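Student: Before we discuss this model, could we look at it together and settle what each descriptive term rests on?

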Amino acid sequence: MTLASRPSLSIVIPLYKEALNIAPMLAMVLSAMEGYRGQWEVICVDDGSPDGTASALHKAQAQYGRHVCIVELQRNFGQTAAMQAGIDQARGELIVTMDGDLQNDAADIPRMVDELLERDLDLLQGWRKDRQDAALKRKLPSRLANALIARITGVQLHDYGCSLKVYRAHILKQIRLYGEMHRFIPVWVAGVTAPHRIGETVVRHHARQFGQSKYGLSRTFRVIIDLLSVFFFLRFRARPGHFFGSIGLAVGALGGLMMTWLLMVKFVLGEDIGHRPLLIVAVLLILMSLQFLTSGILAEMLSRTFYQAADGRHFVVRQTSTAQFAQGWQPNITTSVPPSSPVAAQSRCAEEES
């Protein structure tokens with residue numbers, strides 16, 4: 001592929017309390033992309049930062065406005081929501097995600113784009129092999145989380161937590177990110193494309209210069225809880241009745257065996273069973289079985305409603321400020337949210353003055 005035919009590229013950067021990192025981060029990105037011979041944009045999403053991150057972004061946009069788009073969320077919704085907001089705004093054929101704390105190196109982006117195209121991948125995951133973080137607070141939780149995710153999901157990658165990734169947009173936009181799903185994006189991508197089209201590559205990693213890390217040891221425990229949800233959605237999202245029904249049938253069978261034994265004791269052996277704890281356990285198991293079976297039916301109904309319902313967003317965009325892009329890239333038109341939508345979103349795009 002020649003330089004002139006490179007695909008359009010959107011770089012999505014979620015930000016929270018990163019005011020001091022904005023100027024050097026955007027300077028690094030624009031320096032790295034200076035030689036890119038395709039259309040590209042940088043989408044900075046301010047996740048309701050209270051420290052002046054939005055002001056720093058607008059100041060930087062005035063300096064680097066040709067490629068910079070700013071999305072401001074109404075309040076702090078979390079990294080996953082901020083990332084999804086940026087993905088929704090992205091218009092490139094390829095989408096890059098990265099952190100805005102200067103720890104990811106934007107100079108890796110052109111190389112990763114070339115590698116994704118050469119290997120014909122749908123997702124290229126960065127691997128911080130030489131990670132510049134505290135061993136106890138960052139490296140240890142990350143290694144535990146990566147091992148758990150790989151063991152449970154079967155998607156074998158070294159570094160799920162690295163935000164520096166390159167995706168094909170039509171693949172990534174088939175996924176909606178909720179909660180803290182940004183940790184499991186490769187797993188969700190494996191649900192819409194072949195696992196062999198997901199690869200990884202070693203990337204550079206730098207120590208944090210400004211601001212404070214938002215993660216610690218508590219992240220490992222959250223990962224365990226999230227993994228349960230991931231396991232359920234990957235295996236039973238389209239058939240939740242099988243999950244609850246299997247448990248219900250197993251519990252009901254156990255309760256039925258106990259009750260059968262008690263009936264034999266009562267009517268064959270002629271013994272009193274009213275005082276036996278086994279009777280209470282058998283009745284409880286049968287009631288639990290009925291509850292699991294009815295829960296499975298309700299889950300099936302909810303699943304069908306979910307797939308039939310219109311796609312919605314779980315965050316609120318306060319405004320979107322888009323500068324003038326290269327020729328052929330038109331500013332986004334403000335879209336109104338249908339009155340029936342439970343989310344009220346406001347979007348505004350503005351061109352910089354020539």
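Tutor: What follows takes a helix, a strand and a cavity in turn. This is a predicted model, in which local features need pLDDT of at least 70 and side-chain atom pairs count only at pLDDT 80 or more, while totals for chains, interfaces and linings use all residues. Residues are numbered from 1 along each chain as its sequence is written, and side-chain values use heavy atoms, with hydrogens and water left out.

Student: How do you know that the span of helix H2 agrees with its number of residues?

Tutor: Helices are DSSP runs of H or I with at least four residues, strands runs of E with at least two, numbered from the N terminus. The expected span is 1.5 Å times one less than the number of residues, so the 12 residues of H2 (53–64) should span 16 Å, and the end C-alpha atoms are indeed 16 Å apart.

Student: What makes Thr53, Ala54, Leu57, Ala60, Gln61 and Tyr64 of H2 buried residues?

Tutor: Each has under 20% relative accessible area, whereas exposed means over 50% and partly exposed in between (1.4 Å probe, protein chains only). Seen down the axis of H2, the buried residues fall within an arc of 125° (taken from the directions from the axis to the C-beta atoms), so they line one face. On the other side of H2, Ser55, Lys59, Ala62 and Gln63 are exposed.

Student: What makes strand S4 (residues 94–97) covered on both faces?

Tutor: Leu94 and Val96 on one side and Ile95 and Thr97 on the other are all buried.

Student: Which residues line the largest cavity?

Tutor: Its lining consists of Met83, Thr97, Tyr160, Gly161, Cys162, Ser163, Lys165, His182 and Ile185.

Technical notes: 1 Å grid on protein atoms, 1.4 Å probe; cavity = no way out; pocket = protein on both sides within 12 Å on 5 of 7 lines; lining within 4 Å.
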